[in-house]
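This report covers the contacts between chains in the model shown below. Terms are given with their cut-offs where they come up.

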Number of protein chains: 4
Amino acid sequence: MMRDVQSEPANHRVEVDKVGVKDVKYPIVVLDKAKKEQHTIADINMYVNLPHRFRGAHMSRFIEILNKHRGRMSMHNMEGLLCEIEKTLAADSAHLEMSFAYFIEKAAPISGAKSLTEYVCKFIAAHKKGKLDFILEVNVPVTSLCPCSKEISEQSAHNQRSLVTVQLKSTEFVWIEDVIALVENSASCELYSLLKREDEKYVTEKAYARPMFAEDVVREIAQKLEADDNVTWYTVASENYESIHNHNAYAYIEKKIPR
Amino acid sequence: MMRDVQSEPANHRVEVDKVGVKDVKYPIVVLDKAKKEQHTIADINMYVNLPHRFRGAHMSRFIEILNKHRGRMSMHNMEGLLCEIEKTLAADSAHLEMSFAYFIEKAAPISGAKSLTEYVCKFIAAHKKGKLDFILEVNVPVTSLCPCSKEISEQSAHNQRSLVTVQLKSTEFVWIEDVIALVENSASCELYSLLKREDEKYVTEKAYARPMFAEDVVREIAQKLEADDNVTWYTVASENYESIHNHNAYAYIEKKIPR
Amino acid sequence: MMRDVQSEPANHRVEVDKVGVKDVKYPIVVLDKAKKEQHTIADINMYVNLPHRFRGAHMSRFIEILNKHRGRMSMHNMEGLLCEIEKTLAADSAHLEMSFAYFIEKAAPISGAKSLTEYVCKFIAAHKKGKLDFILEVNVPVTSLCPCSKEISEQSAHNQRSLVTVQLKSTEFVWIEDVIALVENSASCELYSLLKREDEKYVTEKAYARPMFAEDVVREIAQKLEADDNVTWYTVASENYESIHNHNAYAYIEKKIPR
Amino acid sequence: MMRDVQSEPANHRVEVDKVGVKDVKYPIVVLDKAKKEQHTIADINMYVNLPHRFRGAHMSRFIEILNKHRGRMSMHNMEGLLCEIEKTLAADSAHLEMSFAYFIEKAAPISGAKSLTEYVCKFIAAHKKGKLDFILEVNVPVTSLCPCSKEISEQSAHNQRSLVTVQLKSTEFVWIEDVIALVENSASCELYSLLKREDEKYVTEKAYARPMFAEDVVREIAQKLEADDNVTWYTVASENYESIHNHNAYAYIEKKIPR
């Protein structure tokens, strides 16, 4: 019989916090508010802790569990999945990080022309001492238009694409769609994949009428998240790909909300 | 006179934790153990906190300070630099993250042929309430050879390039060179840019004689860091670009050491 | 009525070779040999030429066409799609580049355990003067084991993950699956997402029994492509992520085959 | 004595077009118009052809040659370097691709405040049948402001950072600085790392006064390159990171100029 090197005791009496597989690309299915479910592709990390009585983790078991659950990945069944990982790998804690593209159909503001927009999302789940910690991350590209540039210039103002990243913990299930809507209503303007001329006029004028610094955007989103009774922790960042510099402007807030 | 929009009060009574510039590419000079100093190129983030009495930060001031100090960037003068940022931007806390390539000349193990090897390093510095928090990060590519594969196979064993990342806080100045040496002595074998045939024989046989899981590598490094009286906190990760899979194996330890 | 700036003549009498949209992320459906079709996500570029009688292209039309055809993207309907782009944008030539992840279920060599492996593929299609030029690109990660290292070392040999990229033009339809099989049979060993211990023994020993340089791999693939009567042009590259260096070994062949 | 596997004949009678090392990070010195020389870091590929009488290339020799010449890398000594590669590796042709960051000190347009701006450059050199083929690539980030958006909107216009890439062959030596100046004069506005408020007003108004499509930018640059008697071939591309879309607008011209 083959020797099971991983199951032998470690040379060093050191516990390893996370052992597992990283950058596994896998097709998965996630919940979709409009269409019930959405097929997408994820970049996945799966880890367990490793006590010093074991030299290594049996890495193939992560892939077996992923295979079994990939058809239904949601906030609802994260706890079950992490418990199964713990049991299968004889571990006390388990982690799953899963980044994926999520598409939403949007209608252009005037013409109503429809197209799909991509939002990169991430589930960051940990199970330790019988307690689940689940973070939903949603990345929302928006337009930002600089209030200082508008104020000091005779005409126009520099504007650019910005990437807003929200991470949150909630006591209730949260739709990705709702986080996106919250962010898109808190920027100079939202983005679309398809804009006809009448739409381009609209978004240009809307952004000019709503000048916002990266600082303004994260503050407005923070205030809305605080008004949601279910949110217990959040981070919000805005990275603006400045049209006048070759570097980015950045603003970031992290907050724990005692409920 | 032009209106100073940034200095006006914010619309929302929300403090922003970090406001600043991100992904600024700039040439800098860092300390070099062998040659006194080394010219390199950094990817830099600089932030301050922003109280709600201000709407925005004056971003250009970050670049002015970077310009002034870029000729001498080290653990020694981080505190002065961060205090200057706080003062110039009227802030209570300041952050600097600075990632850069660092080159060391190495001699091949048998032929002695010399070449340069690149190690990506990072300074992560924060100054809050008058206290400096400084993290040195060093990334060291190494060879790892799988103990399980060696044990169960008639001949050979799968091996691969792995990237080991060490982050540490120390009460004393730490040379990048010393962290690299510690890591390279804790893997199946170290890497070289230039190997003649006699060297290739040596590194192949050395790696086969020292099979190590990602788990073994991080444990050995952790134990050595704990033995250093000056280290008060560390993380160590090993990411193995498995030659038999299209994903990576990963192990990670984080530890605070009360001294 | 709004002015149509794009349709006005250009200031300079210069024809632009390619004008269009780049890095559009969109869900698409492609043909699958085993399951008939596969839902995936593409990174898409679409271009037309722009004669000097026009100042700009109407970019939104690319997205409209993509929207219409995304449910069926294959070598079969590329010509129709490119002709539609030409017509809709009043152009003489059209280009489509479409990179996407493609998954295949594979059984481990001994245990038969099933898992999915990702292969990044690309369609590169151009239509000029009524003639279609279609290139299929398939990226296949494999194991390579160094023949020199095996020959000169007492035991073992350095091995690593390599990425083989094949591009080809063919007079007949080509299945992605067939290109992958051709490449996987031309390396030291193929990769799997899931390997049990008996499988790990098998792949370790197989790779040791089939040592191949990057040069050997591209030559073997080239010879097989030349033996296919339908292939009229190909490139084949192998990039080996050397386990003993921090840089890669590379080999590349390009060949036009007069038929 | 150790067997020299690489020098043995190949199994297949297939010539390999390029064999060598890829993604070698190395510190180099390049020519600087203002300061005579500039220390930077390059990402380097070096290849030779491999006739079928050899099974493999001796990869370590590339690094030895790089080591010897890294202190002086310019268009002037590319031919000598490539000939040395050919001779040392017993090859008929040699290739060198070398991408590096290049910094220029610029003064802000009104305040005159000085800062450094990074431009990524590339040398692409090939030596075949005794003939040198040298391409200089310069990447210049600029501001572009949309003429259509300006025309149809009551106020303002969407604008964004764009990346312009010029590649050229010239019968005479070309300064990187001169290519950058040519491009920066052909966009809505140029970028700066450091802008005070009076400068921000200037660049905002300048961009609004010079609206340009990606198509306009590449046409203007093309026309200027054609007016240079030494340029025998060029490509020019502009990729606009649209502030109103999550994808980019793109325009590209390639031209050979018979002299």
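## Chain D and chain C: area and contacts

In this predicted model, chain D and chain C bury about 4,100 Å² between them, where buried area is the accessible area (1.4 Å probe) that two parts lose on being put together, summed over both. Carbon and sulfur atoms account for 56% of that area. Contact, meaning heavy atoms within 4.5 Å, involves 51 residues of chain D and 52 residues of chain C.

As to the basis of these values, local features need pLDDT of at least 70 and side-chain atom pairs count only at pLDDT 80 or more, while totals for chains, interfaces and linings use all residues. Residues are numbered from 1 along each chain as its sequence is written, chains are lettered from A and ligands numbered from 1 in the order in which they are written, and side-chain values use heavy atoms, with hydrogens and water left out.

## Polar links and contributing elements

There are 6 salt bridges between chain D and chain C, a salt bridge being a side-chain nitrogen of Lys or Arg within 4 Å of a carboxyl oxygen of Asp or Glu. One of them joins Glu151(D) to Arg3(C), at 2.7 Å from N to O.

On chain D, the side that touches chain C draws at least two residues from each of β1 (16-32), β2 (36-50), α3 (147-152), α6 (214-226) and β9 (248-256). Helices (H or I, at least four residues) and strands (E, at least two) are DSSP runs, numbered from the N terminus. β1(D) gives the most, with 9 residues.

## Strand pairing and symmetry

Strand β9 (residues 248-256) of chain C runs antiparallel to β1(D), joined by 5 bridges; strands pair if DSSP finds at least two bridges between them. Within this pairing, Tyr250(C) has Gly20(D) as its bridge partner.

A turn of 180° and a shift of 0.0 Å along the axis lay chain D on chain C with an RMSD of 0.0 Å, superposed by least squares on the C-alpha atoms of residues with pLDDT of at least 70 in both. The two copies are therefore related as by a two-fold rotation axis. In chain D, the C-alpha nearest the axis belongs to Glu254(D), 11 Å from it.

## Chain B and chain A

Chain B and chain A bury about 4,100 Å² between them, with 51 residues of chain B in contact with 51 residues of chain A. Their interface holds 6 salt bridges, among them Arg55(A) with Asp216(B), whose closest N and O atoms are 2.7 Å apart.

Strand β9 (residues 248-256) of chain A pairs with β1(B) in the antiparallel sense over 5 bridges, and Asn248(A) stands opposite Lys22(B).
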